[in-house]
Amino acid sequence: MASTSRTRTGRGRGRGRGRGGRGGGSSSLPPPPSTLPLIIEEFFIVIYEDPLVKKALPKKFADYLDGQEPAKVYLRAADCGPRLWTVEVLFDGQGRMYLDKGWENFAIAHGVDFGCYVHFKYEGDDVLTVKVFDGTMCRKYYYSDDEDTDDESDDDVKPCIHPL
């Protein structure tokens, strides 16, 4: 049998300037975290208590809004048409932000229950796109057959969505 061996050609041991070497050139490292702007566009909450009562949003998100403190936000279920659900917002004076009146209707219509993970994506203009995941961490998908986009019609808790 013929023996095959691999040899390094043109390279001496320990003298390479490849990955991790001490070669010249500019560094492409990102700036330290303290110099990066604070951008909180996505976050989630876990439903550990009554899903129909007001819900606290992360303090970092409230800090991100920094003084804007909207009186309402508009929730849009991802992949469920253009309907916006109007939800009043409360601030407690200690930097905490809560979804209040209107949250209950949204939660009922979208099957938010104990153990659900609710993902929010801030779209700007006080709009949050929402995805609901069940306790197994699988997303609840819906489609909409409701053409009504009037965000003031949330009083009739009829679901505008249907599980697939």
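## Burial and surface

A residue counts as buried when its relative accessible area is under 20%. In this predicted model, buried residues make up 32% of the 164 residues in the chain. The exposed surface of the chain comes to about 11,400 Å². Carbon and sulfur atoms supply 49% of that area.

## Fold layout

The chain holds 2 helices and 9 strands. Read from the N terminus, the order is β-β-α-β-β-β-α-β-β-β-β. Contacts were also sorted by sequence separation. Among those with a separation of 6 or more, 55% join residues 24 or more positions apart.

## Aromatic pairs

The chain has 8 aromatic pairs. One of them joins Tyr64 and Tyr122. Their ring centres are 6.2 Å apart, and the planes meet at 85 degrees. The pair is edge-to-face, because planes over 60 degrees apart fall in that class.

Where do the two partners, Tyr64 and Tyr122, lie? Tyr64 is in helix α1 (residues 59-65), and Tyr122 is in strand β6 (residues 117-124), so the pair ties together parts that are 58 residues apart in sequence. Tyr64 has 27% relative accessibility and counts as partly exposed. Tyr122, at 13%, counts as buried. Both tyrosines belong to one aromatic cluster, together with Phe43, Phe61 and Phe120.

## Charges over rings

Two basic side chains sit over aromatic faces. Lys54 lies over the face of Tyr98, at 4.8 Å from the ring centre. Arg83 lies over the face of Trp85, with a distance of 3.9 Å to the ring centre.

Notes. Residues are numbered from 1 along each chain as its sequence is written. This is a predicted model: local features need pLDDT of at least 70, side-chain atom pairs count only at pLDDT 80 or more; totals for chains, interfaces and linings use all residues. Side-chain values use heavy atoms; hydrogens and water are left out. Helices (H or I, at least four residues) and strands (E, at least two) are DSSP runs, numbered from the N terminus. Buried means under 20% relative accessible area, exposed over 50%, partly exposed in between (1.4 Å probe, protein chains only). Contact means heavy atoms within 4.5 Å. Accessible areas come from the Shrake-Rupley method with a 1.4 Å probe; for residues, only the protein chains shown count as cover. Rings of Phe, Tyr and Trp (its six-membered ring) pair if their centres lie within 6.5 Å; planes under 30 degrees apart count as stacked, over 60 as edge-to-face and the rest as tilted. A charge sits over a ring if NZ of Lys or CZ of Arg is within 6 Å of the ring centre and within 35 degrees of the ring normal.
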